[in-house]
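User: I am new to this structure and would like a close look at a single part of it. Please take one strand and explain where it sits and what it takes part in.

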Amino acid sequence: MANEAFDKAFDKEAIDAKVREGFPLQHRWHNDFHLEMPFGLVNDPNGLSWYAGKYHIFFQWNPLGVEHKHKCWGHVETADFVHYRLPELALWPSDVHDKDGCYSGAGFVEDDALRLVYTCNRKEDGVRTPAQRLATWQPEKGIAVKDEIIIEHEPRGVTAHFRDPSRFVKDGREFLVLGAQTTEEKGRAVLYEKKEGAWQLAGEIETELSDFGYMWECPTLLPLAEGDVLLFSPQGLGAEAYRWQNLYQSGYVAGKLDVDSLKLQHGAFHELDQGFDFYAPQAFVHEGRAILFGWMGMPEREAEYPTREEGWLFSLTMPRELRLADGRLFYAPLEEMKALRNGAAQKFGASQVEELGQELAPKSEIELEVAFGEAQEVHIDFAYMETGEYMRFSYARRTAVMTLDRTGMRLGGRGVRRFRLAVRDSLRLHIYQDKTAVEVFFQDGEEAASFFVFPMKEEKPKLVISADRKLERIEGSLWELGGFTWNAR
């Protein structure tokens with residue numbers, strides 16, 4: 001494709017103008033405190049970084065349609081995760097190297113500049129050729145200027161499924177970790193080290209997961225004070241009763257990486273999110289906080305999202321803080337999210353009851369504790385009373401299983417997810433409910449779940465808590481939430 005054709009297809013000025021016209025978002029299914037676009041398809045968070053006094057959030061975006069094609073990078077920036085500059089087109093296919101997509105990558109600050117590294121995707125006669133490229137962010141123009149190709153092709157023993165570079169520094173040395181598939185169709189993470197100004201292959205990270213899916217996407221290595229955490233999204237894990245129940249999974253292993261032997265001593269693989277709609281997360285560290293965004297969506301399931309017919313698909317999650325303790329990650333919404341609250345908390349609750357209902361706001365934050373007493377089964381519903389729809393959380397004490405059930409909804413993806421959750425005397429949930437996006441943190445962040453619900457009518461849900469026997473106590477705090485504030489460049 002000639003450069004003129006690229007310029008015509010990806011006209012930044014025209015696309016940015018169309019974005020400005022789309023804000024504020026109007027449709028009743030558009031979320032107010034989750035990052036999404038007025039048109040096109042959003043997926044992986046990319047290039048997460050702190051630069052020049054702002055957090056920079058890039059993300060995969062097809063501005064030309066709601067298919068996984070024409071992959072570009074969108075960009076927003078914020079100082080507080082509540083006030084944002086309007087999204088803009090930042091990076092797009094423009095030459096032979098990335099003509100079939102600017103795939104995922106990372107951001108880092110180098111020599112007082114924000115540098116980006118990403119995968120160039122090129123296909124000829126059905127044959128994929130990946131390359132890894134640098135770019136430099138130019139804030140005054142709102143574009144990433146492409147620099148040199150730093151890795152021209154996949155290493156020996158790896159297929160063309162070789163992508164999603166992420167940079168980290170450990171023991172004073174600079175590395176890139178990339179997701180890969182071996183010629184035996186096994187997922188792996190591959191390291192490159194920067195030596196004498198060039199990126200040289202170090203080799204595969206050695207783990208205990210020798211047969212763990214056919215591809216590892218979007219790896220991130222976080223060297224934290226408490227240990228090293230490798231985040232990645234393995235494809236090809238078979239669903240089990242209480243884990244790996246999405247089409248593709250996202251999770252982590254935690255331990256210690258020896259960058260000389262490339263051996264990662266680690267514990268078990270844990271999923272990062274137990275919900276229906278979470279994939280391809282990315283995290284970075286700023287001032288001691290490890291901050292994660294995920295893609296709220298699932299590849300190859302586009303038909304399950306009714307917004308596709310309205311011209312847009314998917315969101316990013318809220319930002320989460322990660323904390324590593326005893327080999328496990330714990331999750332919490334960033335402290336900045338409290339600025340979304342409109343006024344003081346409304347308290348609700350009761351003692352010795354089998355059921356309690358609480359009206360919610362159009363957008364709500366709920367902190368909820370349910371003390372079981374003699375109850376063995378507890379249900380927590382988002383109930384849409386007018387249409388009879390509901391989304392249910394159920395906890396069974398005898399089996400220590402939490403169940404997420406969307407079969408009570410009529411539109412969008414449905415189904416059930418189950419996972420183990422250790423609870424003693426009381427169940428604790430911290431819930432964020434946007435127009436369609438819901439994020440839940442269980443037991444002070446031991447687990448999290450992200451998912452969409454698409455009610456048939458514009459209706460505030462009711463929170464209904466019920467049990468098989470009288471509950472000892474229900475205590476809740478409810479805040480009505482506002483949305484992000486958007487400002488033009």
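Analyst: What follows looks at strand β10, beginning with its sheet and moving on to the pocket that it helps to line. The model is a predicted one, and the description should be read with that in mind.

Strand β10 belongs to an open sheet of four strands, which run in the order β10-β11-β12-β13 with antiparallel pairing. Within this order β10, covering residues 158-170, stands at one edge and β13, covering 198-204, at the other, and because each has a single partner strand, one side of each is left without a neighbour in the sheet. From one strand to the next, the twist averages 30°.

The partner of β10 is β11, made up of residues 173-182, and the two pair in the antiparallel sense over eight bridges. As one position in this pairing, Ser-166 stands opposite Val-177 in β11.

Besides its place in the sheet, β10 contributes to the largest pocket, and with three residues it gives the most to the lining. Other elements that each supply at least two residues of that lining are α1 (3-9), β1 (40-51), β6 (102-110), β7 (113-124) and β14 (215-224). The pocket holds about 700 Å³ of space and is lined by 35 residues, among which His-68, Lys-71, Tyr-103, Arg-128 and Glu-217 lie nearest its centre. Strand β10 is thus described here by two roles, as an edge strand of the open sheet and as a contributor to the lining of the largest pocket.

How values were computed. Residues are numbered from 1 along each chain as its sequence is written. This is a predicted model: local features need pLDDT of at least 70, side-chain atom pairs count only at pLDDT 80 or more; totals for chains, interfaces and linings use all residues. Side-chain values use heavy atoms; hydrogens and water are left out. Two strands pair if DSSP finds at least two bridges between them. Axes are lines fitted to C-alpha atoms, for helices over the stretch in contact, and angles run from 0 to 180 degrees between N-to-C directions. On a 1 Å grid over the protein atoms alone, a cavity is a set of points where a 1.4 Å probe fits but cannot get out, and a pocket is an open set with protein on both sides within 12 Å along at least five of seven lines; lining residues have an atom within 4 Å of a point. Grid points are joined across faces, edges and corners, and a volume is the space filled by probe spheres set on the points.
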